[in-house]
Each structure stands twice: as C-alpha cells, then as structure tokens.
Amino acid sequence: MATLGDIAVSAGINLFTAFIFLLAFAILRLQPFNDRVYFSKWYLRDLRSSPMHAGAYMRKFVNLDFRSYLRFLNWIPEALRMPELELIDHAGLDSVVYLRIYLLGYVAGGFFCSSFAQLLHFVVWLNIIRPVGFIHYP
C-alpha cells in the first residue's frame with residue numbers, strides 16, 4: 001500500500017513535469033520558426049507574415065526580446081474573457097478545449113478540497129485516526 005510519502009513524491013513529479021511542459025510550450029511558442037504551427041490561422045488570413053523573409057539572420061530563428069518571455073501566460077486571462085465562438089474564430093478549437101480542461105481542473109480541485117475536508121472530519125469523528133502517542137487500552 002502506498003504511504004503518504006509515496007503519494008507526495010508522485011504528486012511532486014507530476015507537478016514538476018507539468019511545469020516543464022508548460023515552460024517548453026511557452027518558449028517554443030515564442031520562437032519565429034514555430035509561427036506557422038502556433039499561428040497558422042493568422043497566416044491563412046494574411047494577418048501575419050513569415051519572419052524568415054525579413055530581419056537579421058538570428059532573429060529569423062530565435063526570439064531575442066526577453067520581455068516577451070516574462071509575459072508568456074498573458075493570453076490565458078484574455079482568452080477566458082472571450083466568448084467561445086470568438087475564441088474558436090481567433091485561435092481555434094484546440095484553444096477552447098484546452099481552456100475547458102483548465103477550468104474543469106479548478107472545479108474538480110474545489111470539489112476535491114471540499115470532499116477531503118468532509119471526509120477528514122468524519123474520520124476524526126469516528127476516532128479512526130488517533131493522534132501520535134495516543135495509547136488505546138482495550
């Protein structure tokens with residue numbers, strides 16, 4: 001049976017890998033050579049042009065504006081305020097699905113915390129968990 005330490009290590013590893021994937025997404029999304037992947041709908045509408053045709057050689061492949069790395073998550077609050085149809089038109093269906101999963105995580109997290117608090121209260125009330133050093137005499 002898994003101990004509390006095992007569960008904590010597993011949760012820590014999952015949170016760390018989720019953070020690494022989010023960081024990799026944020027860095028790769030900002031690179032000019034990935035424009036056609038992340039902004040393909042804008043290319044089809046001629047709202048964006050390829051960075052490979054203009055500018056210095058290094059700027060064609062690597063984003064050297066470090067301020068853009070500091071605000072890489074600013075799109076999430078703006079996307080949450082947009083109506084779904086406008087967001088589908090602007091960014092695509094995958095963005096809407098990602099935001100729904102994101103919001104579902106908040107709702108499920110709230111239910112988990114509420115359920116855990118109620119369950120813990122019930123378990124303590126039944127005296128199943130005893131404080132450390134508690135001696136039970138039959």
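**Aromatic pairs in helix α7**

Let me start with the cluster: Tyr-98, Tyr-102 and Tyr-106 group together as one aromatic cluster. Keep in mind that this is a predicted model.

Now the pairs. A pair of aromatic rings is described by the distance of the centres and the angle of the planes. With centres required to lie within 6.5 Å, the count is 3 aromatic pairs. One of them joins Tyr-98 and Tyr-102: the ring centres are 6.4 Å apart and the planes meet at 25°, so this pair is stacked, since planes under 30 degrees apart count as such.

Where do Tyr-98 and Tyr-102 sit along the chain? Both are in helix α7, which covers residues 93-125. They are 4 residues apart there, so about one helical turn separates them.

Are these two tyrosines buried, exposed or partly exposed? Tyr-98 has a relative accessibility of 35%, so it counts as partly exposed. Tyr-102, at 29% relative accessible area, is partly exposed too.

On to the phenylalanines. Phe-112 and Phe-116 make a stacked aromatic pair, with 6.1 Å from centre to centre and 20° between the planes. Both residues belong to helix α7, 4 residues apart, or about one turn of the helix.

As for accessibility, Phe-112 comes out at 57%, so it counts as exposed, the cut-off being over 50%. Phe-116 has a relative accessible area of 46% and is therefore partly exposed.

To recap: Tyr-98 and Tyr-102 are stacked, Phe-112 and Phe-116 are stacked, and Tyr-106 joins the two tyrosines in the cluster.

Terms used
Residues numbered from 1 in each chain as written. Predicted model: local features only at pLDDT ≥ 70, side-chain atom pairs only at ≥ 80, totals over all residues. Heavy atoms only, no water. Phe/Tyr/Trp six-rings, centres within 6.5 Å; stacked < 30°, edge-to-face > 60°. Helix = DSSP H or I, 4+ residues; strand = E, 2+ residues; numbered from the N terminus. Buried < 20%, exposed > 50% of the residue type's maximum accessible area, 1.4 Å probe, protein only.
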